[in-house]
Amino acid sequence: MHDIVLTIFALTGLFALISMLLPLADRLAVPYAVLLAAVGCAIGGLAAIVGDNANGGGMVADMIGTLDGFNLSSAAFLYIFLPTLLFETALNVDVRRLTDEIAPVLLLAVVGVLVSTFVVGVALWEFSGVALVACLMLGAVVATTDPVAVVAIFRDIGAPHRLTMLVEGESLFNDAAAIALYTLLLAVLLGEHPASPLAGLIDFVRVFAGGLVAGVIAGRLVIWILPILRDHRLAETTLTIALAYMVFVVGEHYLGVSGVVAVVTAGLTINHGGQRRLSPSSWKSLIRTWEQIGFWASSLIFLLAAMMVPRLLAQAEVTQLWQLAVLVLAAFAARAITLYVLLPLLSATKLAEHVRNDHKLVILWGGMRGAVSLALTLAATENAAIAPDIRNFIGVLATGFVLFTLFLCAPTLRPLMRYLRLDQLSPADVALRDRVMGLYLASIGDDIGKVAHDHHITGQAVEDAARWYARHTEAASTIAEENAQLPLESRLHTSLVILAEREREFYLEHFEARTMSRRAVALLLSQDAQLRDAVKTGGAAEYRAAATEAMRFSRRFRFDLWLQRHSGVERPLARDLADRLETSLTTRSVIQELRSFNTDQLSRLFGAGPSETIDAELNARIELLGRAIDALMLQYPNYGRALQTQFLTLKALRIEEEKYRQLRAESIVGNEVFNDLMRALAHRRTIAEARPQLDLGLKREELVAQVAMFAALDPAKRAKLCRLLRARLAVPGEVIVRKGDHGGDMFIISSGAVEVRLASQPVRLGSGAFFGELALLDNQPRSADVVALGYCQLLRLSSRDLNRLMRADDGLRRQIESVAGERRSA
Ligand code: CMP
């Protein structure tokens, strides 16, 4: 048979096997990765026995023979599987939590690998007599941890989130560190690199940091491209697959940086930014596809790597057993040093939160080694440039160690965690669970009655089905009553966390319903992230502070304002104002929804106290938003109306779409009619989705025309005046003129109002008035602060031009001087 046919046959055979092993692992209650490794070893052993003479001897022999002949090189392992594995993990990590934990994660991953390589290397060198560099190489090979088995156990028993975060984060970065270190040591072993530790360290940092930058840039580039793909999910997923592999190859081969780090950071970048650029359903589908690909990759790499184990162990000698014992001890000692000496030091510097001792123990015991260690082992054993005895040394010991962690540590991790009670909910979670049960069990009991009635079921069946609920309702509500005594502070805290999370869901729902632009979603989600961060460690005060902060003009806004003032470029500022109005309007309606959520759900779960505080906070936010919206609507009423019309149109389109879907679901219209209706709808939606442009209204001629003072000027003079004036926008609360400053310009209010903060009492000036003239006329510092009350369109006149104007027009001069005189004497 043709080779390719046999290969496909063998590979699909593995797929069939994999599909069986997942449920089997569940059944046997062993970690899936461990079962894979065991089966892989068995197939490898079988293949070695059946060997070459199997070809042409029936289906099974064909398959095993082909598998035996696979001989995947280490490069194939790393290049085919690693990008997928890393990218998928990076895509699913909680990036915010990871950033919080970045110090301990990097310590465990990078410093941990260095310590482990050093300790293992020196210990084996001492005991085995093999060259130090070779021992260090072995140290690097066994330094990478594989989270698959451990994280699966964590999920199974509901381990604390932080523990999962640490273990997953560590394994994301330590592959890169170990591979970089391995490559470096290999070069030293082969005499290609000067064995100076400093040069080595610099190289290590360069490779790592370079990978980081490459990954972020590539990730950002893809985030930027994603919206161009116009919600074509298949295209979006494909692009991310291309990203994972391309950034790896480009990093490794063209830039000379760590491809592994580049893949990880590219994945994290997409994880962080991509979610805001894709619609929620596209994002879900992307994650689901990656989950499938990641599952294939991790299963295959484990199985194929384990299949080589018998071959690697075939050359083992009994004397190597005690070397293995040294390796095991040294590897655990190294991890213990990182966990129990370095990590507390890091916590003492406040760079990392304290890690609990029981968590440390689990991290120590749960440091499983897996596919990457085996791939590196393979890389060493297949490298003909390395002396045979060193190849054998690394091959046998590294494989032995991987098996030790997989077959001894993994199966005992679950009992250990049970013993440490890490499989139990925290008291606050227990309280919440009991309260949920207490509140809802009774109503479910009633629901059963209704369902039974609808389906004409009566008698014993209904009672049987409802019995469990009846039995638990009372018990649950008593426990819930007891737990309701939980301190107010902690109930409020939990409510606020849920509230901030719910707000995010509401935004995503709006986005999914396409009633909000992508830009607005991105802005709102990042605002909400700040809100969530604030409540994570704080209470109502922090919530309010974050909500108030969100309403301030952002740095970007202030930059665009500056840009308009100094260069006359209006577009960015106009876009910022449009964003501000759109996000404020959306937030206001979301907060209304949150208020109902608070009264309907949170108050029932956490009692009246927290719910009242929350209602007050939400009210305060609505007030703030109301002010921001009113200010904008006052200055740009037409634009405000246009945005509201757009919102309603998009909502209507959504309702229309749902109607069509319903008609199809009810088989009233067929696919052809439905598709036709949807095409027409999509067309109208594209038109409706284009956000109306906001005109800042800063045209000089128009502004001058609005000022009464200039009304008497003849057209020629007015045209001349126009050339002297500059238009600018002031935002609410902005200090336009500051007391004591040196004055350069005078301002004329074309629209809006300002407040002159005089020592005696504030004076308001409205459209047509001017200010800032005193400092110019008297050549004195500014006499008072002048603050914008809302959005104001101002005309600015420089000191020199003011003099020119006053010389040219007597009427204006008299008018300005008389007002100035009154003000001086006020
Ligand atoms: P200047 O001193 O340049 O800066 C502060 C400005 O506040 C000042 O110019 C006037 O334009 C304005 N101002 C000062 N006093 C009064 C007043 N009594 N009524 C209105 N505006 C005033």
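**Reading surface, cavity and pocket**

Author: Leu 255 lies in helix α11, residues 233-255 (a helix being a DSSP run of H or I of at least four residues, numbered from the N terminus). This is a predicted model, in which local features need pLDDT of at least 70 and side-chain atom pairs count only at pLDDT 80 or more, while totals for chains, interfaces and linings use all residues. Residues are numbered from 1 along each chain as its sequence is written, and side-chain values use heavy atoms, with hydrogens and water left out.

Reader: How is Leu 255 classed by its accessible area?

Author: Leu 255 is partly exposed because its relative accessible area, 47%, falls between the cut-offs (buried is under 20% and exposed over 50%, with a 1.4 Å probe and protein chains only).

Reader: Which residues make a nonpolar surface patch with Leu 255?

Author: Met 246, Val 249, Val 250 and Tyr 254 join Leu 255 in a patch of about 500 Å² (patch residues have over 30% relative accessible area and no salt bridge, and nonpolar side chains are joined within 5 Å; a salt bridge sets a side-chain nitrogen of Lys or Arg within 4 Å of a carboxyl oxygen of Asp or Glu).

Reader: How many cavities of 30 Å³ or more are there, and what lines the largest?

Author: Rolling a probe the size of a water molecule over the atoms shows where empty space is left. Here the count comes to four cavities of 30 Å³ or more (on a 1 Å grid, a cavity is where a 1.4 Å probe fits but cannot get out, and lining residues have an atom within 4 Å of a point). The largest cavity, with a volume of about 90 Å³, is lined by 14 residues, among them Leu 108, Gly 112, Ser 116, Glu 170 and Arg 335, which lie nearest its centre. Helices α6 (102-128), α9 (161-189) and α15 (320-348) each supply at least two residues of that lining.

Reader: What lines the second largest pocket?

Author: The second largest pocket holds about 1,600 Å³ of space (a pocket is an open set with protein on both sides within 12 Å along at least five of seven lines). Its lining has 45 residues, of which Arg 514, Met 516, Ser 517, Arg 518 and Glu 689 lie nearest the centre. Helix α27 gives the largest share of this lining, ten residues.

Reader: Is Tyr 639, in helix α27, buried or exposed?

Author: Tyr 639 is buried, because its relative accessible area is 7%. The C-alpha atoms of Tyr 639 and Leu 581 are separated by 9.3 Å, although the two are 58 residues apart along the chain.

Note on methods:
Patch = residues over 30% accessible without salt bridge, like charges linked within 9 Å, V, L, I, M, F, W, Y side chains within 5 Å. Areas by Shrake-Rupley, 256 points an atom, 1.4 Å probe, with all protein chains shown as cover. Points joined across faces, edges and corners; volume = space filled by probe spheres on them.
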